[in-house]
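Here's a quick tour of how the pieces of this model touch one another. Have the structure open while you read.

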Amino acid sequence: MTRRLLWIAAVAALALGPLVLPEFYLTLLNVIGISALVVLGLVLLTGIAGLTSFGQAAFVGTAAYISAYGTTELGLSPWLTLLVGVSATALLALALGAITLRLSGHYLPISTIAWGAAIFFLFARIPVLGGQTGMTGIPPITIAGYPLVTGRSYYYLIWTFVLIAMLAITSLLRSRTGRAIRALRGGALMAESFGIDVPRTRMAVFVYAAVLAALAGWLYVHFLRFINPTPFDVTAGIEYLFMVVVGGPASVWGAVVGAAVLTLLRNILQDMLPRLLGQSGNFDLIVYGVLIVLLLQRTRRGIVGSIVERYPVLMPPPIAVPAVATAPLPVRQKLPPGSLFLRVIDAEKWFGGLAAVNKVGFEVRAGEIVGLIGPNGAGKSTMFNLITGASTPTRGAIEVEGERVEGLSPRRIVRLGVARTFQHVRLLRDMSVIENVMIGAHLRGRKGMLAGSLRLDREEEARLTAEAARQLHRVGLGSELHRRAGSLSLGQQRLVEVARALCADPALLLLDEPAAGLRYGEKQDLARLLSELRDEGLAVLLVEHDMGFLMNLVDRVVVMEFGQKLVEGLPSAVQADPRVLEAYLGGVE
Amino acid sequence: MNGTIALLLTQDGVTSGAIYALIALAILIVFTVTRVILVPQGQFVTYGALTYGLMQSGVMPGTAWLLFISSALAGILDARVAITAGRSRDLLLIAAIRIVFPVLVLAVSLSIAPEKLGTAGQIALTLATVVPLGPLMYRLVFEPIADASVLMLLIVAVAVDVALSGIGLLLFGSEGARTDPLFDVTLSLGPAQLGAPTLTIVVTSLLLMLMLFLFFERTILGRALRATAIHRLGARLVGIPVRRAGQLSFLLASLLGAVSGVLVSSVMTVYYDSGFMIGLKGFVAAIVGGLVSYPIAVLGALIIGLIEAWSAFYASAFKEVIVFTALIPVLIVRSFLARETPEEEVDE
């Protein structure tokens, strides 16, 4: 509610601003709005998806130069050059992204500095673009024959774009694709394990941010109506990133606040510092740099993040769980009980000379729970990784419903109905429980980036939300839907992982120590749930150290030790087996 | 194009390649030990070059003031730590390191006219002023956030670079500096003359690399640094003070940077804002080596230097574009080497 009021107040203030403010402040607000557009893209790219770019200024410049050249030299309409500029920038981003986005961690930001610098030097060196002096006489944008030549008239154009971008990104973050983008931060393996195409999602965000930067470049060049290379150098790219950091990396409001604070600060400093120091120059950079260092040493949430932390009423409202029954999502055709689902045939995984898994074979059938046990380091988690595609067996085969699947990526394997939990919980700590679980249902939705941005996905979202809520009720977390996932106890977080895996509508559920950290009662509830799932025809493969929990639940047990299969059999037989006793307790002297 | 020009270009390329190699090495050392991508490495170069250059032209730059102020700030931080830990006896030591030394440097800078120092004295004073800025940078900026993610450290490093470039303008002004060569010898090598600056730079770089090699291979301190680079927690567990390893790596970086600065000022005019580009080229070299391999980084630096020299001849306007575009094939190769699902990097 408070948030809605804030939105209304902000829009009203923006709409009325030009009526009272002098031209100077309007120009400043226009500059802020243009920067805010670039920064909004960066919020998505850096703040949400975790991909740091120092090169956005190059995208701004590309669209700006295309529009400048197109309108002056070729006499095209600015609206046409908008289209051309945005498309060309998107293509440039696609090309750069194809090269750099697969680079790990810090390579990406460094490469953005490098191509940002290269593109900037191109602007300055290509003769038809006017070199260092640039180009003048760029025509204004006309709307219905009315040219926007004053800051006042231009103001509405800029801020309409900013507001649309803010709304679009806010909606996007609450959509299926938005969750996929947010999942990028939780590590690629988790995202891929639920069918999210990580490289494609990264690329989509990268292009989205580049398009916003291009839009800003077009607005910029027809606002100033003159262009030179300086505003698009690497320093400018760095400044955009600083705006994100100062405003609050994870918030669309942070983009506007960051752009406003640093633009105003620069204005004040550029006015004040040269007089104070008795020299002229970019001394504002000193204050900028020191400010960022001090800020990051204290908080990483930025201005908006810190304010929201202090006043939780400003938090985004919890997502609405549909009260009336929505049409449930389609479910996978159930397998007849007892039919073979998973077959592991002599699987081996070598790390150098060490065999983490050595010639292990077993089967899991629909409607049974198989326990996979063994001392620490026996190779259980490696086995999970082989089955789910997180790693490829060195030798041997893995079959799902008779089809060979070894070597397939996790996102192909989850499509076959194999869903997992992780031994080390992989939840997005800052995201609500229900949204975390909705990631599990990623493959059961269709809607993409555009539908998410334009809120054309509401019906599907309602169904996904309802499904996630249903699974959370099943695991006993029905009252925790809107809690921050990171605030739950570790045991509860494991249950969230189970719910997320169930949301994928699996035929085989792989659970890696789901009962660790649960209290006795919770363990009993989990055991009851797993038996229920078995009765529904699900196949379950369970790694667990709590023998009391495991032995009363499973149909069969596979025991591993030092990468090899030691025994397989009924729980009672395995418990009595002297080899198992020796593996767990050491030899009987 | 004839043989002489080719030789000249190669000589130019090797000269700048040697400098980029030193920068790349510094970046590698700091990155492997602290995970900080040291964007401001180029600033040590410009600070070294301009401090020395201004002294040579008879002006005493204000670099010592920067040393004094940042050292005093570090002293305050250290004192606070010592007092809360109840080790007030350390205060004397802190004062000696943080106050006495910079005051000494400042006193020398303020009282002696640079001409009186002679070349050796000027270089010594330059190093005494600029080199301590490295460990101070670590103490003030990076130590408090030593456990932050690589990306956070990178953003902070960029912020430091931006601030230092502004401070550079304040200290040195916008005029560039170019210095006389240190030695006046010329070696004839077939048709080409090997100039003194080239010789000085290449020989000094090789000596520094040899020293680094011996330091890392033969000394316990060097091995401790390598251990920290391989596994921070493991190093801490066997008793290596990781914070001090961080300061030491920054000391090596600022030493390499300041020396490069003194050297490079004899072959190119250095301006207050040259550091970013010089540092970036060192980076490109370090990336060629995958940010882990020292020899490949040195090789990469030579290649960058040569590409730059040759493209300066054929397409001087596009020199920088070509150098940074050279990164793209390297990145493509690294992309193909990278697995389909990238390494797990989970932010906090």
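Domain bounds here come from an automatic or database domain assignment. Keep in mind that this is a predicted model. With that said, chain A is split into domain 1 (2-314), domain 2 (340-417 + 507-589) and domain 3 (427-505). Two meeting places are covered below: one inside chain A, and one between the chains.

**Inside chain A: domain 2 and domain 3**

- Going by C-alpha atoms, the centres of domain 2 and domain 3 of chain A sit 26 Å apart.
- Contacts between these two domains of chain A involve 12 residues from domain 2 and 11 residues from domain 3.
- On the domain 2 side of chain A, β9 (508-512) and α20 (520-535) each chip in at least two of the residues that touch domain 3.
- Of the two, look at α20(A): it gives the most to that side of domain 2, with 3 residues.
- Sorted by class, that side of domain 2 of chain A has 7 nonpolar, 1 polar and 4 charged residues.

**Between the chains: B against A**

- Here 46 residues of chain B are in contact with 46 residues of chain A.
- From chain B, α7 (150-172), α12 (275-288), α14 (319-325) and α15 (327-337) each bring at least two residues to the side that touches chain A.
- The largest share of that side of chain B comes from α7(B), which supplies 16 residues.
- As for chemistry, the side of chain B that touches chain A is made up of 33 nonpolar, 6 polar and 7 charged residues.

Notes. Residues numbered from 1 in each chain as written. Chains lettered and ligands numbered in written order. Predicted model: local features only at pLDDT ≥ 70, side-chain atom pairs only at ≥ 80, totals over all residues. Contact = placed C-beta atoms within 7 Å. Helix = DSSP H or I, 4+ residues; strand = E, 2+ residues; numbered from the N terminus. Nonpolar A, V, L, I, M, F, W, Y, C, P; charged D, E, K, R; others polar.
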